[in-house]
Amino acid sequence: MTKKRKVIAVTGARSEYDLLYSVYKNLEEDENFDFSIIITGPHLSHTFGYTAKHIEEDGFKIAGKLYNFIDTGEKIGRITSIGNQVTLLANLLNHENPDIVLVAGDREEAISVTMTCAYLDIVVAHFYGGDIVKDGNIDNSARYASSKFAHIHFPSLPEHRETLMKLGEDDFRIF
């Protein structure tokens with residue numbers, strides 16, 4: 001009997017959860033995978049509608065809930081949230097010992113997940129790398145740093161693949 005591969009997705013916001021829902025559903029239904037989700041960030045904030053309830057209603061196995069989010073309009077809230085998340089995530093992933101972790105985008109979750117997995121020697125797949133935010137805020141830097149920490153890449157457009165290649169990512173790791 002073949003051992004199931006343990007896959008954990010980390011989601012912090014409704015937008016990226018919705019984008020990856022079909023991926024999550026396929027992994028959940030595939031008997032080759034033991035799939036679960038870590039819920040964190042604004043998903044767990046009542047200010048943002050406690051969207052974790054949608055994930056729970058969708059019936060996915062929940063590996064954990066990380067209450068890291070500092071709900072403030074101040075810039076310090078974002079970096080404090082990242083710091084909180086790294087510690088919580090490191091402990092949970094160390095306990096869960098997944099074969100691979102999935103994360104999307106350019107938000108706090110992407111940078112904290114990819115960095116934590118890199119330090120724990122856990123393979124991480126990053127979705128939507130290589131994209132460009134036109135307003136020049138911190139999201140481009142966070143997305144590119146997340147891509148550099150990631151092992152596998154799933155960009156959404158051919159030009160995003162090219163951006164990853166320009167960042168020095170190996171062609172065989174980009175799908």
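In this tour, two residues are in contact when heavy atoms of theirs lie within 4.5 Å of each other. Keep in mind that you're looking at a predicted model.

**Stop 1: the sheet**

Start by showing the strands. You'll find 6 of them in an open sheet, and the pairing is parallel. Generally speaking, strands of a sheet pair through backbone hydrogen bonds, and they can do so parallel or antiparallel. Walk across this sheet and the strand order reads 3-2-1-4-5-6. Which strands sit at the edges? Select 62–66 for strand 3 and 152–154 for strand 6: each of these edge strands pairs on one side only. As you go from one strand to the next, the twist averages 20°.

Now pick out strand 1 (residues 5–11) and strand 4 (residues 100–104), which run parallel and are joined by 3 bridges. Want to see one of the bridge partners? Select V7, then I100 in strand 4, its partner.

**Stop 2: helix 3 against helix 4**

Next, select helix 3 (residues 75–96) and helix 4 (residues 108–120). Their axes come within 9 Å and cross at roughly 40°. That angle makes helix 3 oblique to helix 4. The crossing of helix 3 past helix 4 is right-handed.

Time for side chains. On helix 3, show R78, I82, Q85, V86, L89, A90, L93 and N94. They meet a set of residues in helix 4: E108, E109, I111, S112, V113, M115, T116, C117 and L120. Try colouring this contact by class: you should get 10 nonpolar, 4 polar and 3 charged residues.

**Stop 3: helix 4 against helix 5**

Keep helix 4 on screen and add helix 5 (residues 139–149). Here the axes are 8 Å apart, and the packing angle is about 20°. Why is helix 4 called roughly parallel to helix 5? Angles under 35 degrees count as roughly parallel, so the pair earns that label. This time the crossing is left-handed.

For the contact itself, light up A110, I111, T114, M115 and A118 on helix 4. Then add A142, A145, S146 and F149 on helix 5. Colour by class again: 7 are nonpolar, 2 are polar and none is charged.

**Stop 4: a pair of rings**

Last, go hunting for aromatics. The whole structure holds 11 aromatic pairs. Zoom in on Y17 and Y21, whose ring centres are 6.1 Å apart and whose planes stand at 70°, so this pair is edge-to-face. Both tyrosines belong to helix 1 (residues 14–29), and being 4 residues apart puts about one helical turn between them.

Key
Residues are numbered from 1 along each chain as its sequence is written. This is a predicted model: local features need pLDDT of at least 70, side-chain atom pairs count only at pLDDT 80 or more; totals for chains, interfaces and linings use all residues. Side-chain values use heavy atoms; hydrogens and water are left out. Axes are lines fitted to C-alpha atoms, for helices over the stretch in contact, and angles run from 0 to 180 degrees between N-to-C directions. Helices (H or I, at least four residues) and strands (E, at least two) are DSSP runs, numbered from the N terminus. Angles under 35 degrees count as roughly parallel, over 145 as roughly antiparallel, 65 to 115 as roughly perpendicular and the rest as oblique. A crossing is left-handed if the near helix is turned anticlockwise from the far one by less than a right angle, and right-handed if clockwise. Ala, Val, Leu, Ile, Met, Phe, Trp, Tyr, Cys and Pro count as nonpolar, Asp, Glu, Lys and Arg as charged, and the others, Gly among them, as polar. Two strands pair if DSSP finds at least two bridges between them. Rings of Phe, Tyr and Trp (its six-membered ring) pair if their centres lie within 6.5 Å; planes under 30 degrees apart count as stacked, over 60 as edge-to-face and the rest as tilted.
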